[in-house]
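Hi there,

Here is the structure I promised to send over. Have a look at it first, and my notes follow below.

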Amino acid sequence: MTNPLRTPAYELAQANVGRLSFPLDSPELRDFVAALDPVNAVADSADGFVWRLQSDTGNATDVPVLGDDWLIINMSVWRDPDALTAFMYQGRHRELLARRREWFERVREAMAVLWWVPAGHRPTVAEAEERLLHLRAHGPTPYAFTLRTSFPAQGAGPVKSVTPVDIPEGLGCSV
């Protein structure tokens, strides 16, 4: 039995990227944009939630990712995969997932990635880009994985020192 008062050594980082079908201020994205604050509030109070990326707007829709102005990123840290899954597939977030094809383009490459970080570490967008590109190039590994093919935190390596990512041809976001 684990001690609930023991601080975990690792937490689960997740990033997902979406390629918008319309500009954020368009009528087509009105419902999506209106749902951001309520869904983020639910995430912030969810069991197992640790942290999420946000700019001065309170969300991360204006944070650049992979050098593509049509991409937006969501990045957060959770206690474990169960906490993340519980949030993702319930309530308002689940409703938004069901409508994602209305707002985002279908993309062939992986657009979501998970990785373990030392407890207390707050990942950067550069880290998320590096992990996502690694997943696209190598498939799921302990370094970068998915909910469907995950790896335990034991043995998770230290966070690499990240420099700006050069996106190799064919590993960006082609549609």
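A question to start with: is R99 buried, partly exposed or exposed? Keep in mind that this is a predicted model. With a relative accessible area of 29%, R99 counts as partly exposed, because the partly exposed class lies between 20% and 50%. You will find R99 in the loop between α3 and α4. Its C-alpha atom is 9.8 Å from that of D31, although the two residues are 68 apart along the chain.

P64 makes a nice companion case. This residue sits in the loop between β2 and β3, and its relative accessible area of 67% makes it exposed. From P64 to V125 the C-alpha distance is 8.3 Å, with their positions 61 residues apart in sequence.

Now the overall picture. The protein chain has 5 helices and 4 strands, and along the sequence they come in the order β-α-β-β-α-α-α-β-α. Of its 175 residues, 42% are buried. The accessible surface of the chain is about 10,100 Å², and carbon and sulfur atoms account for 53% of that. If you take the contacts between residues at least 6 apart in sequence, 77% of them join residues at least 24 apart.

On to the charged pairs. The structure holds 9 salt bridges, and I picked out three to describe.

The pair R122 and E11 has its closest N and O atoms 3.4 Å apart. This salt bridge links distant parts of the chain: R122 belongs to the loop between β4 (112-118) and α5 (125-138), while E11 is in strand β1 (residues 10-19), 111 residues away. The two partners fall into separate burial classes, since R122 is partly exposed at 32% relative accessibility and E11 is buried at 10%.

Next come D68 and R19, where the closest N and O atoms are 3.2 Å apart. D68 is in the loop between β2 (49-52) and β3 (71-78) and R19 is in strand β1, so their salt bridge ties together parts that lie 49 residues apart in sequence. Both of these residues, D68 and R19, are buried.

The third pair, E95 and R92, stays within one helix. Their closest N and O atoms are 3.8 Å apart. Why are E95 and R92 separated by about one helical turn? Because they are 3 residues apart in helix α3 (residues 91-98). Both are partly exposed, E95 at 48% relative accessibility and R92 at 37%. Beyond single pairs, R19, D68 and E105 are joined into one network by salt bridges that share partners.

You may also want to look at the open and enclosed spaces. The largest pocket has a volume of about 1,400 Å³. It is lined by 48 residues, and those closest to its centre are N16, V17, L97, R100 and A112. Which elements give two or more residues to this lining? They are β1, α1 (30-45), β2, β3, α2 (81-88), α3, α4 (100-103) and β4. Sorted by class, the residues of the pocket lining are 29 nonpolar, 10 polar and 9 charged.

As for enclosed space, the count comes to 1 cavity of 30 Å³ or more. The largest cavity holds about 30 Å³. Its lining consists of A15, N16, V17, V65, I73, M111, V113, A128, E129 and L132. Both β1 and α5 supply at least two residues each to that lining. By class, the cavity lining has 8 nonpolar residues, 1 polar and 1 charged. While you are there, note that N16 and V17 appear in the cavity lining and also among the residues closest to the centre of the largest pocket.

If you open the model with one thing in mind, I would suggest strand β1. This strand holds E11, the partner of R122, as well as R19, the partner of D68. Strand β1 also gives residues to the lining of the largest pocket and to that of the largest cavity.

Happy to hear what you make of it.

Best wishes

Notes. Residues numbered from 1 in each chain as written. Predicted model: local features only at pLDDT ≥ 70, side-chain atom pairs only at ≥ 80, totals over all residues. Heavy atoms only, no water. Buried < 20%, exposed > 50% of the residue type's maximum accessible area, 1.4 Å probe, protein only. Contact = heavy atoms within 4.5 Å. Areas by Shrake-Rupley, 256 points an atom, 1.4 Å probe, with all protein chains shown as cover. Salt bridge = Lys/Arg side-chain N within 4 Å of Asp/Glu carboxyl O. 1 Å grid on protein atoms, 1.4 Å probe; cavity = no way out; pocket = protein on both sides within 12 Å on 5 of 7 lines; lining within 4 Å. Points joined across faces, edges and corners; volume = space filled by probe spheres on them. Nonpolar A, V, L, I, M, F, W, Y, C, P; charged D, E, K, R; others polar.
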